[in-house]
Amino acid sequence: MSLIIGLETSCDETSAAVVADGRTVLSNIISSQVDLHQRYGGVVPEIASRKHIENVMPVVHEALAAAGADLADVDAIGVTYGPGLVGALLVGVATAKALAFAAGKRLIGVNHLEGHVFANFLAAAELAPPLVALVVSGGHTSLVALADCNSFRLLGQTRDDAAGEAFDKVARVLRLPYPGGPQIERLAAQGDPAAIAFPRALSGTGCEFSFSGLKSAVLNYLNAARQKGEPVNEADVAASFQAAVVDVLVAKTMQAAKMAGIGRVVLAGGVAANSRLRSDMAAACAAAGMTLHYPPPVYCTDNAAMIACRAYYQHLAGDWAGLNLNAVPALRLGEKKY
Ligand code: KG4
Ligand code: ZN
């Protein structure tokens, strides 16, 4: 049996997890800082770094204890080295390097976005590439094809805002707390998705996305109504906005899977927790004779279990990092920088 400990500190969750043979999660400890950042309406990088420093070793100890393991028992240490906030990433990277050096263990640098894709493997024991992944998080919206566990081909990405960012910004103008995705989803459940015809940008043109126009359209709609003193049905706004995002994500993903000639689709990243995205994508995949996988919500948002899972497949491939591993804040999907 191969044991990997994963560390994740790229944004506002400090997480450590112990995973056996890449697929069996023995522990997954997540210390969220959401409450701290909520009053600023978003993540404050300096606060995030300071909190990671305080939390990281307790979280590592807790993950090992919950797994009934000792650092001496693990085969390798996997850590997110990008993309993310540089100060936040550095805490995880420095911790992992110190642990690897002290315990004489292999060090594995993990791409956070690849980790999100691999979260799917934690809940589906038989799942394996080839597959097409839609990665939708707070900072990224990408479509990627995996020929095998270590080859990623970018099919398309957003030209401007990420899908999660659009959810967060629209939530903010609706005066809902951060993070906005789950709040919009809750409000949308009481609204009519067909009430307002918000734009579906770049429909029909390849695998690229654009969400900044949609965000502006929602803002304009709200401002116009407020100026005229007309009442706004905020549930209808949330439902119509969510439908516009989901329609585009589903259409582009189906287009990408057909183009790549791959009949297996996975969802990844925080927005993959959205139930409308899950159900609409499931219907589209069923209609096209494709299979769909998505992780349970706890593995959609940031967590270290997905990092340990990704690290396991790098470990099998002998893809280890040296103690000169550094944080790479703008690391891209499929890119390796160490
Ligand atoms: O993957 P993640 O935890 O962190 C990043 O790597 O960015 O994604 C966070 C994003 C946030 O923008 C949040 O609003 C969004 O995922 N999100 C959702 C839902 N849950 C989280 N968006 C829509 N519906 C949800 N249920
Ligand atoms: Zn993430």
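**View 1. Isoleucine 262 in its loop.** In this predicted model, isoleucine 262 sits in the loop between α8 (234-260) and β9 (264-268). Its relative accessibility is 13%, so isoleucine 262 counts as buried, the cut-off being under 20%. Skip the neighbours within four places in sequence, and the residues in contact with isoleucine 262 are Pro130, Leu131, Val132, Ala145, Ala257 and Met290. Phenylalanine 101, on the other hand, is 42 Å from isoleucine 262, C-alpha to C-alpha, with the two positions 161 residues apart in sequence numbering.

**View 2. The zinc ion and its protein donors.** Zoom in on the zinc ion (ligand 2) and you'll find three protein residues as donors: His112 and His116, each through NE2, and Asp302 through OD. These donors lie 2.0 to 2.1 Å from the zinc ion. Read along the chain, the donors of the zinc ion follow the spacing H-x3-H-x185-D. Histidine 116 belongs to helix α4 (residues 112-123), while aspartate 302 is in the loop between α10 (297-300) and α11 (305-316), so this pair ties together parts that are 186 residues apart in sequence. As for exposure, histidine 116 and aspartate 302 are both buried.

**View 3. Two domains, side by side.** The domain assignment splits the protein into domain 1, made of 3-118 + 299-316, and domain 2, covering 128-295. Measure from C-alpha centre to C-alpha centre and domain 1 and domain 2 are 27 Å apart. On the domain 1 side, 19 residues take part in the contact; on the domain 2 side, 20 residues do.

**View 4. What the domain contact is made of.** Between them, domain 1 and domain 2 bury about 1500 Å², and 71% of that is on carbon and sulfur atoms. Look for Leu113, Val117 and Cys300 here: together they supply 35% of the area that domain 1 buries against domain 2, more than any other three residues. Don't go hunting for salt bridges between domain 1 and domain 2, as the count is zero. Polar contacts do turn up, with four residue pairs counted between domain 1 and domain 2 (both residues at pLDDT 80 or more).

**View 5. The helices on the domain 1 side.** Which helices each supply at least two residues of the side of domain 1 that touches domain 2? They are α1 (34-38), α4, α10 and α11. The largest share of that side comes from α4, with five residues. Helix α4 is also where histidine 116, shown in View 2, lies.

Notes. Residues numbered from 1 in each chain as written. Chains lettered and ligands numbered in written order. Predicted model: local features only at pLDDT ≥ 70, side-chain atom pairs only at ≥ 80, totals over all residues. Heavy atoms only, no water. Donors = N, O, S within 2.8 Å, 3.2 Å for Na, K, Ca; no water. Helix = DSSP H or I, 4+ residues; strand = E, 2+ residues; numbered from the N terminus. Buried < 20%, exposed > 50% of the residue type's maximum accessible area, 1.4 Å probe, protein only. Domains from an automatic or database assignment. Contact = heavy atoms within 4.5 Å. Buried area = accessible area lost by both parts, 1.4 Å probe. Salt bridge = Lys/Arg side-chain N within 4 Å of Asp/Glu carboxyl O. Polar contact = N/O pair within 3.5 Å; in protein donor to acceptor, adjacent residues only side chain to side chain.
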